[in-house]
Amino acid sequence: MSLRIGLDVGSTTLKCVVLNENNNIIYANYERHFSKISEKSCELLCAIANKFPNERDVHIAVSGSAGMGFAEDIELNFIQEVFATKIAISAYIPDTDVVIELGGEDAKILFLTGGTEVRMNGSCAGGTGAFIDQMASLLNMTAHELNLEAKNYSKIYNIASRCGVFAKSDIQPLINQGAKKEDISKSILNAVVNQTISGLAQGREIKGKIVYLGGPLTFLSELRESFDYILGNKGICPENSLYFVAIGTALSCDDKIINILELKDKIKNTTQNRTYNALPPLFENEEQYNTFLNRHNKAVISTDALLTDSKIAYIGIDSGSTTIKATLINENEDIVYSIYRPNSGNPVPIVKDFLTEVYNRYPDINIMGSATTGYGEEIIKNAFRCDFGIVETIAHYTAAKKYNPNVDFIIDIGGQDIKCFKISNGAIDNIFLNEACSSGCGSFLQSFAGALGYSIADFAKLGLYGERPVDLGSRCTVFMNSSVKQAQKDGASIENISAGLSISIVKNALYKVIRVSSAKKLGNNIVVQGGTFLNDAVLRAFEQEIGHDVIRPAISGVMGAYGAALYAKQASRGKSDIINKETLKSFKHEVNAITCNGCTNRCKLTVNTFSDTNKYIAGNQCDKPIQKNKNKECYNMYEYKRQLLSAYTDCKGIRDITIGLPMALNMYEMLPFWHTFFTKMGFSVKLSGRSTRKLYLKGQNSIPSDTVCYPAKLVHGHIVNLCESGVDAVFYPCMTYNFDEGLGDNHYNCPVVAYYPLVIAKNMNEIQSTVLINNYIGIDQRKYFPKKFTKILSEYFDDIKFKDVKAASDAAYKEYYAYIEKIEEKGEEFLKIANEKKLPVIVLCGRPYHLDHEIDHGIDKFISEAGAVLISEDGLGKRYSPFPTTVLNQWTYHARLYGAAKFVCDSNNPDINLVQLVSFGCGVDAVTTDEVRSILWKNKKIYTQIKIDEITNLGAVKIRLRSLFAAIEQKKNNDKAGGTEC
Amino acid sequence: MLDQNRVEFTREMKDSYKILAPNMLDVHFSMIENLFKSSGYNVEVLRNTDQSVIEEGLKYVHNDTCYPALLTIGQMISALKSGEYDVNKTALMMTQTGGGCRASNYIHLLRKALKNAGLGHVPVISLSIGGIEKNSGFKLTLSMMVKALAALSYGDMLTVLKNQTKPYEINKGETDALVKRWTDFFSNEFAHNRALSPLAIKKYMKKIVKSFLKVETEDREKVKVGIVGEIYVKYSPLANNNLEKFLFDQDCEVNVPGIMGFMMHVVGNGLDDVELYGGSNWKKLKTKLGLWLMSKYESYINEPLKNTKYIQPATYSHLRELVAPVMGHGCKMGEGWLLTAEMMELCESGYKNIVCAQPFGCLPNHIVGKGMVRIIREYYPDSNIVAVDYDPGATKVNQENRIKLMLSVAREENVSDKPETVRSF
């Protein structure tokens, strides 16, 4: 029998084995292919041919995520990779129960016993090798180093595991807060495990003999350890664990005999003839490029100025997500000295070096002001005693004004965020920040360059003369990964991929973040900045897309820092408090991780101690651990609603039956209703416990759809909680319709709220131990309700009488309306207080279940503690009246959002503003956000949207809210100065 | 309450305007086109599928909105911008189902998009059974609805036969040619208001079956794959990256449940609402009547297939029965219980390999699609279901790879089980 070759073309690596007739591996090879699949495979075939000079006729089959197109091209048999694994496992380790295989961009679980099932990650690439690489590079390590660090962990942080981009926004703040690398490393690996379990196991238990396969699990011992720990089972990583797909592929070869040398030639000749959608090139020729460069080189301010005779200087520090920027300016606002460096996971020493350098260069300097901004604003401000901490948006605007006083639009694409703001009447008007789902931008370009073996600058440059840039669309980076894969398959050159990536970053910013319908209407005086625009390809793509020229300051990368310095100058109060030369020498920085015991939240805090005295605490959800006895009065309606709900406690009834109510989704509003109903009927009632991360994890393995919203995922945990507490029945009804509040064209619940009980019934083993009442119930039809509900309850319980149900439901309706009335009265009261005390009002619009601490992450507290009166959308109930909307207004909860937006506009009060909370994955909100935004914009109000998910960190949210407060303030000042325009 | 300032499609426009509608089901819609023409509306079903469709969609529709909205709106705007139509003499038509899903908002998103594209003056006609919006120049009369039912039944019949014949035909292309012949024939008949009476339908249905029986086929087991999903992604090749063709090329027989079930599902929801939550008897009666009428047409399809080699499409009442123990009938948003019922029915009739296609982030599908896979496996342990998400960013490579995995499992089962004959149920 001839040799059998199995070729596994993965997303990043090429694996190959050769089997002899006894199924023994006589050759194996593993290497990165850097997207040069055909070259690499030719080399490989040559190597095999040389090694076995007597074997020319072979059998060969191809597998792997990048192998499909390749196999088609050269007409080879293609074996789906998960399937190949299965074949290999049954041949070599037949008693395996479960296989867990992680690859570059794929994650798979195979259940082999008790009903074979194969699972593969969907369109989300979270929790894979690429994810670990990306996270490692964020920490400035290799995956291998990350593994070594993880060995010494002492504490695990919660990192959103769903998607790489989310995890990033969790990790970044940890870095900036000074969390230890070993702890972050282990937390990343744990996140991978959680992702694999929640995303793939979907309710099926992973037990028995477990086999680990694929690159990450082979190379990273700590990842295996994390799996072992979480699964409570010791898995094995067999010899040749990298090659199982290739082995299975070799085993699946058909009878076709192929001459290895002919095949090699065929591969050589058959590439490059595929096509893809191409865009116009960035530059037609070099001349065009030079004209472009000349134009942009004009936007210059001096960057090597000297200190003036007074030696007066100001310092601005921008501690960004991946980089640190710092500038020193003189009295004339020229830059004397500046740095731009990666923060390498710890910004503090870099700033220390910067200041040391400043003091060394200019021993007699007189620093009159210092300001910090960016993600690391607070830690840097505390560490070095800077005078001001300002929100990034203000810093950037201050700097941009220097270049063009009439600037009306600023866009900043940094390492991991896009910030844009419109300016009208000299105030920042609308702010767009990218949501957690598309934040990749600059750092994405970077990791992509890295994966292909280039530096980011070189990689971007390649694209300048790409003749047919690949059209990669405008989507979140995780998807872009696979788009690039497809482009490679279609024969796109590296130049064209590079150009395509630059263009798609721009499109992402324009169409996903800013959501312009016409790029040409952005503004007339546009300033672009941020490190990503230092790449000419990105800049050019931007100008092409919007159709006119923009200004890119030569110091584009340090604009935030420059703006901070300018701000420090304008706000200077005399000599700066910044750490002096002597103290700097003895500067020390220590980090401790502790758990806060201030309340039941039990936040994980990182305590930074600087030079033994100065402390900075991060990771807190409230001000308790930082503020001692600062008893400021807060007006927080979310808190008020929580208090109201807390009155409905567990209680005993005369019937010896306990009904469990899961505190999730619409139960947050229906609790007064059902609680009253069941207690009146004589049942005992038990509520599920408070939402926590732990509670979520308890239920996560039965979530069947990983893209459903977080509030829905939490339901699983609540059900487990109820089942564990031994209730007799869980009451969680399907509710197509909600109450008709007369605001819209209909009064539906959203599909997830309406029907999630069905998912619970069919996916949770726990529920089998009790009874789940999940019938369809129509509370909107009060007339029919008692009769219908009597029938339903009689299915489950004895002795259900119509007259009792009628009486109980009357009481329930009464209680519900009283509850709503209380909220509305509180809303009125708050409005009155705000008016009397001249306090700003924020209408925090969400859904009833956004009250859940685990869902809103303390955003309500942040707002009320910042001094605003916080009113929930339902608190404005008395102010609503039906009005025409441009969308079909058919969901009860969402009609309130439109009503709230209308009220905010009608109030004609600059102090009343709206913030909308949106759960990631909420499809309905794609409709509502646009509508709320357009209602507000029509009336020149600022629209602020906050997307929330599992993310536990508030960094980005705070920037957004602070920008909003700053903008409101500025707007008010301008209105005062220049009179109102309307 | 909705903005009443929308541009109406007036009586004057009826004669001079061309009405553009997005495509979804090639076979069905090509016949419907002429049906409208015979009622005095100059309707054209759009067939543009180039890149600009997606581009315009991304530009004018919120990117997190479901993919079908993005595509259909993109398709219409791209057509309007193409210069092929006089934008001052063109109207658009879109179906509106109502219900708690985002889909009932498509038409409003379309108007919004038109406004942003500077085409706000183009009237948009809502096509709905309940007549959600009124236009003086357009009315979906009862007689038109009945005619449409006829056309859709023909479409369903042709699809059923095509799917069960084409994979086995000996003379390549024969089946497609036959389908084309029939659609051309009916288009022409409809233009003259013929082939629409119950008697005519019965007659032609028989003829259709006969004509397909004449196609020479080989007797060979192929992997049988069912397609279910969000209605647009399920049917439209533009949305599902040519899923049917892909499966056909992979040597599979495909079964895509017809549109009739969906229509009956939409109508029947009203009845279930009354049953579950209470309501007027009048509403109940009206719905019952509608369902009765539709079931007639359903039988026009099923009767001639009885005692033939073809697998008949499931009836609405059978689908209801199947799904009752799993989720009852109150779950109605989007495809609601129908989607789960179709998966069960496919398993039951031998199509145990299923692609469940949905737009990325489709809310009802979290429940009735992905959420029910587990229970279906309990009912049908050998079911082999893959859920595939579609959106402008998802790549064909990933989708096809997942489908291939499902097919590998299917092929293995086919070999190891050696099913005696699946059709003897």
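**Exercise 1. Confidence in chain A**

In this predicted model, the mean pLDDT of chain A is 85, and 90% of its residues reach 70 or more. Task: find how many contacts beyond near neighbours in sequence the stretch 436-440 of chain A has in the model, and do the same for residues 978-982 of chain A.

Solution. Begin with residues 436-440 of chain A, where the pLDDT is below 50 and where the model nevertheless shows 24 contacts beyond near neighbours in sequence. Then turn to residues 978-982 of chain A, for which the pLDDT is below 50 and the contacts beyond near neighbours in sequence number 2.

**Exercise 2. A sheet and the helix across it**

Task: work out which strands stand at the edges of the open sheet of 4 strands in chain A, and which helix lies across E6, E7, E8 and E9 of chain A.

Solution. First, write down the strand order, which is E8-E7-E6-E9 in chain A, with mixed pairing. Strand E8 (117-120) and strand E9 (210-213) of chain A each have a single partner strand and therefore stand at the edges, with one side of each left without a neighbour in the sheet. From one strand to the next, the twist averages 10°.

Next, follow one pairing in detail: strand E7 (residues 107-111) of chain A joins E8(A) in the antiparallel sense over 4 bridges, and within this pair Ile109(A) has Arg119(A) of E8(A) as its bridge partner. Finally, place helix H3 (residues 81-92) of chain A, which lies across strand E6 (98-102), E7, E8 and E9 of chain A and runs at about 45° to E7(A).

**Exercise 3. The contact between the chains**

Task: determine which element gives the most residues to the side of chain A that touches chain B.

Solution. The contact takes 67 residues from chain A and 60 residues from chain B. Among the elements of chain A that give two or more residues to this side are H3, E8, helix H18 (477-489), helix H19 (494-513) and helix H27 (751-763). Of the contributors, H27(A) gives the most, with 9 residues. Sorted by class, the side of chain A that touches chain B has 30 nonpolar, 27 polar and 10 charged residues.

**Exercise 4. Two covered elements of chain A**

Task: explain why helix H14 (residues 377-384) of chain A is described as largely enclosed, and state which strands pair with E27(A).

Solution. Since 7 of the 8 residues of H14(A) are buried, the helix is largely enclosed by the rest of the structure. Its buried residues include Glu377(A), Glu378(A) and Lys381(A), together with Ile379(A) and Phe384(A). Just after H14(A), Arg385(A) takes a positive phi of about 55°.

Strand E27 (residues 841-845) of chain A is mostly covered, with 5 of its 5 residues buried. Val841(A), Val843(A) and Cys845(A) point one way from E27(A), while Ile842(A) and Leu844(A) point the other way. On one pairing, 5 bridges join E27(A) in parallel to strand E29 (residues 912-919) of chain A, where Val841(A) stands opposite Ile912(A). On another, E27(A) pairs in the parallel sense with strand E28 (residues 869-872) of chain A over 4 bridges, and there Val843(A) has Ile871(A) as its bridge partner.

Terms used. Residues numbered from 1 in each chain as written. Chains lettered and ligands numbered in written order. Predicted model: local features only at pLDDT ≥ 70, side-chain atom pairs only at ≥ 80, totals over all residues. Pairing = 2+ DSSP bridges. Axes fitted to C-alpha atoms, helices over the stretch in contact; angles between N-to-C directions. Contact = placed C-beta atoms within 7 Å. Nonpolar A, V, L, I, M, F, W, Y, C, P; charged D, E, K, R; others polar. pLDDT = per-residue confidence, 0-100. Buried ≥ 20, exposed ≤ 12 C-beta atoms within 10 Å, placed from the backbone.
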